[in-house]
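Here is a short walk through one chain, with its main pocket as the place to begin. Keep the structure open while you read.

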Amino acid sequence: MMERPDDNESLPSMSGRAELCAVRRTVAQEEPHHADSSPQPAFSRAAHVLAVDDDPAMRAMIADYLVDQNVRVSVAADSREMQRVLAAGGVDLVILDLKLGKEDGLQIVRALRADSDLPIIVLTGHRREAVDRVVGLELGADDYLTKPFSPRELLARIHAVLRRSPSARPGRDAKRIRYRFAGCELNLRTRRLTSPSGENVPLTKGEFALLTVFLQSPQHVLTREHLLAASRVHDNEVFDRSIDVQILRLRRKLEADPSAPSLIKTERGVGYVFSSSVEVR
């Protein structure tokens with residue numbers, strides 16, 4: 001019998017027969033009728049999380065803990081298994097190890113984000129892999145954790161990402177969440193911004209998050225502190241540039257004349273206001 005990890009301890013290692021037992025138990029726990037009978041308090045039904053990691057011990061331990069917390073869990077060892085689970089539908093969030101055997105985890109993040117806005121939490125194996133973490137976030141991942149980590153922290157990150165991703169909340173129709181403004185359209189499902197001429201306007205993770213905050217509160221003055229807190233992906237160690245730099249870069253992509261902005265206007269001594277009307281579809 002495998003011991004369950006204490007919430008405050010990092011994930012332990014497993015080997016041999018214990019690994020096989022844990023994986024078999026995890027697969028059995030993936031059945032929907034077990035998870036859906038204990039819904040998450042924050043959502044209309046239990047969230048369905050897909051854990052993608054080539055380490056069977058890590059997959060088993062993540063699944064074992066999350067199932068105990070009323071989270072439905074599926075597991076995959078590589079991108080092929082991941083795609084099979086995703087094709088079946090119903091996944092709300094992906095936990096993805098960036099060091100996935102011979103596969104490039106960053107390319108998997110890029111491919112996932114190109115197809116949908118499914119929330120992604122990336123896992124890295126060492127604190128020195130800061131570049132991979134940052135690139136992963138820039139490609140569209142929503143958060144990250146460095147191994148070893150506390151299972152309680154993983155659960156907290158899952159809840160936080162689902163709360164701030166309206167299109168990912170269980171029971172929500174993400175295809176209908178689109179913002180239209182000044183001839184442009186931002187599609188939250190595809191994370192794609194379309195210009196008035198129909199061209200795709202590429203956005204970084206930070207720019208997408210910042211624009212979404214503006215579109216959710218048009219024609220209201222938002223303080224710089226509010227914008228920073230609402231739009232950053234993960235603390236200052238990732239997006240430590242000032243909010244003013246983020247605003248400048250976003251203006252360059254939205255404004256006809258960034259030096260005389262008509263959409264994102266500065267309120268001296270207070271913050272910024274998105275001056276255009278916004279249609280939600």
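When sorting residues by class, Ala, Val, Leu, Ile, Met, Phe, Trp, Tyr, Cys and Pro go down as nonpolar, Asp, Glu, Lys and Arg as charged, and the others, Gly among them, as polar. On that basis, the lining of the largest pocket comes out as seven nonpolar, four polar and six charged residues. Bear in mind that this is a predicted model.

**The pocket**

The largest pocket has a volume of about 420 Å³. There are 17 residues lining it, and the closest to its centre are Arg113, Leu139, Thr190, Arg191 and Leu203. Which elements give two or more residues to the lining? They are H5, helix H6 (130–139), strand S10 (192–194), strand S11 (200–201) and helix H8 (205–216). H5 provides the largest share of the lining, at three residues.

**Helix H5**

H5 covers residues 105–115, and its buried residues are Gly105, Leu106, Ile108, Val109, Leu112 and Arg113. Looking down the axis of H5, you find these buried residues within an arc of 155 degrees, so they line one face of the helix. Arg113 belongs to that buried set, and Arg113 is also among the residues closest to the pocket's centre. At the N-terminal end, H5 is capped by Asp104, with a side-chain oxygen 2.9 Å from the backbone nitrogen of Leu106.

**The chain as a whole**

Stepping back, the secondary structure of the chain adds up to eleven helices and 15 strands. The chain has 281 residues, and 49% of them count as buried. Take the contacts between residues at least 6 apart in sequence: 62% of these join residues at least 24 apart.

**Two buried residues in helices**

Arg157 sits in helix H7 (residues 151–163). Is Arg157 buried or exposed? Its relative accessibility is 15%, and the cut-off for buried is under 20%, so Arg157 counts as buried. The side chain of Arg157 reaches the backbone oxygen of Tyr144 at 2.5 Å.

Leu210 is in helix H8, one of the elements that give two or more residues to the pocket lining. Leu210 counts as buried because its relative accessibility is 1%. Leu210 and Leu228 are 18 residues apart along the chain, and 8.1 Å separates their C-alpha atoms.

**Backbone spots to look at in the loops**

Where does the chain have a cis peptide bond? Such a bond joins Lys147 and Pro148, with omega at about -10 degrees. Pro148 lies in the loop between strand S7 (143–146) and H7, and H7 is the helix that holds Arg157.

Two residues other than glycine, Asn70 and Gln219, have a positive phi. The table sets them side by side.

| Residue | Phi | Loop |
|---|---|---|
| Asn70 | near 65 degrees | between helix H3 (56–68) and strand S2 (72–76) |
| Gln219 | near 60 degrees | between H8 and strand S12 (221–223) |

What about the accessibility of Asn70? Asn70 has 34% relative accessibility, so it counts as partly exposed. As for Gln219, its loop runs between H8 and S12, and H8 is the helix where you find Leu210.

Methods: Residues are numbered from 1 along each chain as its sequence is written. This is a predicted model: local features need pLDDT of at least 70, side-chain atom pairs count only at pLDDT 80 or more; totals for chains, interfaces and linings use all residues. Side-chain values use heavy atoms; hydrogens and water are left out. Buried means under 20% relative accessible area, exposed over 50%, partly exposed in between (1.4 Å probe, protein chains only). Helices (H or I, at least four residues) and strands (E, at least two) are DSSP runs, numbered from the N terminus. The arc is that of the directions from the helix axis to the C-beta atoms. A polar contact is a pair of N or O atoms within 3.5 Å; within protein, one must be able to donate a hydrogen and the other to accept it, and residues adjacent in sequence count only if both atoms are side-chain atoms. On a 1 Å grid over the protein atoms alone, a cavity is a set of points where a 1.4 Å probe fits but cannot get out, and a pocket is an open set with protein on both sides within 12 Å along at least five of seven lines; lining residues have an atom within 4 Å of a point. Grid points are joined across faces, edges and corners, and a volume is the space filled by probe spheres set on the points. Contact means heavy atoms within 4.5 Å.
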